[in-house]
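This briefing goes through one protein chain by topic. The sequence and the structure come first, and the notes follow.

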Amino acid sequence: MPLMAAEVLLVRSSSCSLLPSSSPFIPSSSNQMRTSPCRCLLPRGAPLSGFFGCRLTNSSSTINLFSTKEELSAYAPKLRWKRTGGRHISGMVIKCNYPQNADLPRYYSKKEKKPFPIPIVELRRAARERIKNAKGKPRIPTLPPRNGMLVKSLIPVAYEVMNARVTLINNLKRLLKAVPVQACKYCNEIHVGSIGHPFKSCRGLYSNRRNGTHDWTRTFSSEDIFVSLECFHLSDRLGPRITHQERFSVPRAPAIVELCIQAGVDLPDLPTKRRRKPVIRVGRKEIIDANEDDLPEPKPNKHEVPILDILPDEDVVAPLSPEETAQLADETIEAWETVRQGVARLMRKYTVRVCGYCPEVHVGPTGHKAQNCGAHKHQQRNGQHGWQAAVLDNLFPPRYVWHMPESGEELKRELKNFYGQAPAVVEMCVQAGCTTIPDEYKSTMRLNVGIPASLKEAEMVV
């Protein structure tokens, strides 16, 4: 069972140098945050002149020392903590957004429909409430990007995401020369390591004959690690929907690139219409472009930066030393986080749709009309997609792989429940020697779970 989200207590005191192990800390009544009394188990004689970080979980607490206040200045507001004896100690509470241990990502069958990010009942309730509150009030003007204009604050973010995506792909091509990655010949599962994992989870061709055993081979393709979904490119974001007859004449582009183009990135190969005045809405689905003849000549885009190029496979050079590999891993994990955070910011303003039955995505207000869905029971829908709101993992899917333990031992089939998982990019960077791991993935990697040395020891675990 995964533990609840952890709390971090930071205490500082210059008046005493000894804290008994039985001294509980209780928040004062003036504290507005909901906190529960907690007991810090510190060794006798521990100095309180510096800052302590106490991670409190359901079962235990571990102490981490911090040397300077600057390391902790950006986390949480200061609170007043009072000990039962009456001595006041200033402190801060940090609430972690991620649990200590989390369940592994669930495998969804091809016959299952994707769950809605927000349940339909909640959407209907919010729509009724919105209509009720809008009665008798003047209509609110449409804001960007629904009125055809760009969100100016997100244009730098779009350029940053574009270059971070290219940096991520180039770094992955170099890391693949140093970190071995295995791919199954019959299914889309991969494993980061010199030898593939022994788990019988293959669902590919003739998997029943092999009892689910994978047939591993080494891969050097970055597309196996970084999944790049494609979608239709819109020359006009507010234009008519793409019909079934236009599915071959409309160009396709990577979904992240299309999202950045609609957010303000200008690419000569994929032109799109830019408006300088908000559109005039005649009806619910009909719009008219405003007259822009009275406007002066457009100024050059001040946010435009040069776009990096993806390296060809023949120009990729492997890192020459372990230090260079570790530095490359740090740059890769930084680019990975930049892309994910940037795409998440862009998706809050620019609508992205995903089919509930297949991986098809569409960047735009409404999905296209191409009848090319081949998912389960697509004949009943005449090949039409079931469009719904997309989440980050639909547009930028992380491929989860098994996390190798720090001891370097090969995975054992009998100890499968003790191993964790992480996105393939993160696992590659960890094995390449990166210094920092995002807290978001530590819960599924199960870094603090002890792995039994034998099957007999595993059977003794309750």
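**Cysteines and overall make-up**

C202 is buried, at a relative accessible area of 7%. The model that holds this residue is predicted. Its chain has 462 residues, of which 40% are buried, and contains eight helices and 19 strands.

**Cysteines**

- The closest cysteine sulfur to that of C202 belongs to C187, at 3.8 Å, which is too far for a bond.
- C184 is likewise buried, with a relative accessible area of 8%.
- The sulfur of C184 also has its closest cysteine sulfur in C187, at 3.6 Å, and this too is too far for a bond.
- A disulfide pair has to have its sulfur atoms within 2.5 Å, and neither the 3.8 Å for C202 nor the 3.6 Å for C184 meets that cut-off.
- Across the whole structure, a search finds zero disulfides.

**Chain as a whole**

- The accessible surface of the chain is about 27500 Å², and carbon and sulfur atoms account for 52% of it.
- Of the contacts between residues at least 6 apart in sequence, 69% link residues at least 24 apart.

**Nonpolar cores**

- The largest nonpolar core consists of 61 residues, and I225, L259, V343 and M428 have the most contacts inside it.
- Helix α2, residues 155-178, contributes the most to this core, with twelve residues.
- A separate core of eight residues lies apart from the largest one, and W402, L411, L415 and Y419 are among its members.
- Which residues does L259 touch, beyond those up to four places away in sequence? They are V343, L346, M347, Y350, V352, V363 and L395.
- V343, one of the residues touched by L259, is itself among those with the most contacts inside the largest core.

**Covered helices**

- Helix α3 spans residues 255-263 and is mostly covered, with nine of its nine residues buried.
- The buried residues of α3 are A255, I256, V257, E258, L259, C260, I261, Q262 and A263, so the list takes in charged E258 and the core residue L259 under the cut-off of under 20% relative accessible area.
- Directly after α3 comes G264, with a positive phi of about 135°.
- Helix α6 spans residues 424-432 and is also mostly covered, with seven of its nine residues buried.
- In α6 the buried residues are A424, V425, V426, E427, M428, C429 and A432.
- M428 of this helix is one of the residues with the most contacts inside the largest core.
- G433 follows α6 and has a positive phi, near 105°.

**A buried glutamate in a loop**

- E360 sits in the loop that runs between β15 (352-355) and β16 (361-363).
- Is E360 buried or exposed? Its relative accessible area is 14%, so E360 is buried.
- With neighbours within four places in sequence left aside, the contacts of E360 are F232, R252, R353, V354, C355, H368, H385 and W387.

**Surface patch**

- F116, I118, I120 and L123 make a nonpolar surface patch of about 320 Å².
- I120 belongs to helix α1, residues 120-134.
- The relative accessibility of I120 is 32%, so this residue counts as partly exposed.

**Backbone details**

- The peptide bond that joins P144 to P145 is cis, with omega near 5°.
- P145 lies in the loop between α1 and α2.
- N211 is a residue other than glycine with a positive phi, near 55°.
- The loop that holds N211 runs between β9 (190-192) and β10 (216-218), and N211 is exposed there, with a relative accessible area of 54%.
- R446 is another residue other than glycine with a positive phi, near 55°.
- R446 is placed in the loop between α7 (439-445) and α8 (455-459).
- Unlike N211, which is exposed, R446 is buried, with a relative accessible area of 19%.

Conventions:
Residues are numbered from 1 along each chain as its sequence is written. This is a predicted model: local features need pLDDT of at least 70, side-chain atom pairs count only at pLDDT 80 or more; totals for chains, interfaces and linings use all residues. Side-chain values use heavy atoms; hydrogens and water are left out. A nonpolar core is a set of buried Ala, Val, Leu, Ile, Met, Phe, Trp, Tyr and Cys residues joined through side-chain atoms within 4.5 Å. Buried means under 20% relative accessible area, exposed over 50%, partly exposed in between (1.4 Å probe, protein chains only). Helices (H or I, at least four residues) and strands (E, at least two) are DSSP runs, numbered from the N terminus. Contact means heavy atoms within 4.5 Å. Patches are made of residues with over 30% relative accessible area and no salt bridge: like charges are joined within 9 Å, nonpolar side chains (Val, Leu, Ile, Met, Phe, Trp, Tyr) within 5 Å. Accessible areas come from the Shrake-Rupley method with a 1.4 Å probe; for residues, only the protein chains shown count as cover. A salt bridge is a side-chain nitrogen of Lys or Arg within 4 Å of a carboxyl oxygen of Asp or Glu.
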